[in-house]
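The following exercises concern a single protein chain. Each sets a task and then works through the solution step by step.

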Amino acid sequence: QVQLVESGGGLVQPGGSLRVSCAVSGSIFSIEAMGWYRQSPGMQRELVATITSRGYTNYANSLKGRFSISRDKAKSTVFLQMNSLKAEDTAVYYCNAIITTSPSSVRYEYWGQGTQVTVSS
């Protein structure tokens, strides 16, 4: 069974920084890509950033320059560094991973339970 566990969310003032982490555990053969999505109340879940197993990154255009995604492959962990945070960044941030559990299995998409990030003074 595969689990994604996020940590590091919380309350931060506008202009501040925060780093969230997501660790993958369980029966894993390979992790093809990991990423972060977010969802604000009344809004659809949206892409924040993704990173492939080779380190290629992709960001939502509106977040480029403020957010940075990185990955520790040895620890099956992905990080999201968020700088110059704004009130509109307030959301539940979800970790996502594309994983195969054996050499012959298909790829499956997994989600974490989400971590709340609140930007407020």
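**Exercise 1: The disulfide**

Cys22 and Cys95 are both buried. The model in which they are examined is a predicted one.

Task: Determine how many disulfides a search of the whole structure finds, and state which strands hold the cysteines Cys22 and Cys95.

Solution. Step 1: the search of the whole structure returns 1 disulfide. Step 2: this bond joins Cys22 to Cys95, with an S to S distance of 2.1 Å, which lies within the 2.5 Å cut-off for a disulfide. Step 3: the angle about the S-S bond is -85 degrees, and the link of Cys22 and Cys95 is left-handed. Step 4: Cys22 belongs to strand β3 and Cys95 to strand β9, so the pair ties together parts that are 73 residues apart in sequence.

**Exercise 2: The open sheet**

Task: Establish the order of the 4 strands in the open sheet, and explain why one side of β1 and of β7 is left without a neighbour in the sheet.

Solution. Step 1: begin with β1 and β3, which pair in the antiparallel sense over 5 bridges. Within this pairing, Val5 has Ala23 of β3 as its bridge partner.

Step 2: strand β3, residues 18-25, also pairs with β8, in the antiparallel sense and over 6 bridges. Here Leu18 has Met82 of β8 as its bridge partner.

Step 3: strand β7, residues 67-72, pairs with β8 over 6 bridges, again in the antiparallel sense. Arg71 is matched with its bridge partner Val78 in β8, and Phe67 stands opposite Met82 in β8.

Step 4: the resulting order is β1-β3-β8-β7, an open sheet of 4 strands with antiparallel pairing. Strands β1 (3-7) and β7 stand at the edges with a single partner strand each, so one side of each lacks a neighbour in the sheet. On average, neighbouring strands of this sheet are turned by 15 degrees against each other, direction ignored.

**Exercise 3: Covered and uncovered residues of β7 and β8**

Task: Describe how many residues of β8 are buried, and which residues of β7 form its covered and uncovered faces.

Solution. Step 1: strand β8, residues 77-82, is mostly covered, with 5 of its 6 residues buried. Step 2: in β7, the covered face consists of Phe67, Ile69 and Arg71, whereas Ser68, Ser70 and Asp72 make up the uncovered face. Step 3: the hairpin of β7 and β8 has 4 residues between the strands, and Ser76 there takes a positive phi near 50 degrees.

**Exercise 4: Two successive threonines**

Task: Decide whether Thr100 is buried or exposed, and give the accessibility class of Thr101.

Solution. Step 1: Thr100 is placed in strand β9, residues 91-100, while Thr101 lies in the loop between β9 and β10 (108-111).

Step 2: the relative accessible area of Thr100 is 6%, so this residue is buried, the limit being under 20%. Thr101, at 29% relative accessibility, counts as partly exposed.

Step 3: consider the surroundings of Thr100. The side chains of Thr100 and Ser30 are joined by a polar contact of 2.6 Å. Beyond four places in sequence, Thr100 touches Ile28, Phe29, Ser30, Glu32, Ser105, Val106 and Arg107.

Step 4: Thr101, with neighbours within four places in sequence left aside, is in contact with Val2, Ser27, Ile28, Phe29 and Tyr110. Its C-alpha lies 8.8 Å from that of Ile31, although Thr101 and Ile31 are 70 residues apart in sequence.

**Exercise 5: The aromatic pair**

Task: Classify the geometry of the rings of Tyr37 and Trp111, and locate the strands that contain them.

Solution. Step 1: a search of the whole structure finds 1 aromatic pair. Step 2: the ring centres of Tyr37 and Trp111 are 5.1 Å apart and the planes stand at 65 degrees, so the pair is edge-to-face; the class requires an angle over 60 degrees. Step 3: Tyr37 lies in strand β4 (residues 30-39) and Trp111 in strand β10, and the pair links distant parts of the chain, 74 residues apart. Step 4: Trp111 has 33% relative accessibility and counts as partly exposed.

Conventions: Residues numbered from 1 in each chain as written. Predicted model: local features only at pLDDT ≥ 70, side-chain atom pairs only at ≥ 80, totals over all residues. Heavy atoms only, no water. Buried < 20%, exposed > 50% of the residue type's maximum accessible area, 1.4 Å probe, protein only. Helix = DSSP H or I, 4+ residues; strand = E, 2+ residues; numbered from the N terminus. Pairing = 2+ DSSP bridges. Axes fitted to C-alpha atoms, helices over the stretch in contact; angles between N-to-C directions. Polar contact = N/O pair within 3.5 Å; in protein donor to acceptor, adjacent residues only side chain to side chain. Contact = heavy atoms within 4.5 Å. Phe/Tyr/Trp six-rings, centres within 6.5 Å; stacked < 30°, edge-to-face > 60°.
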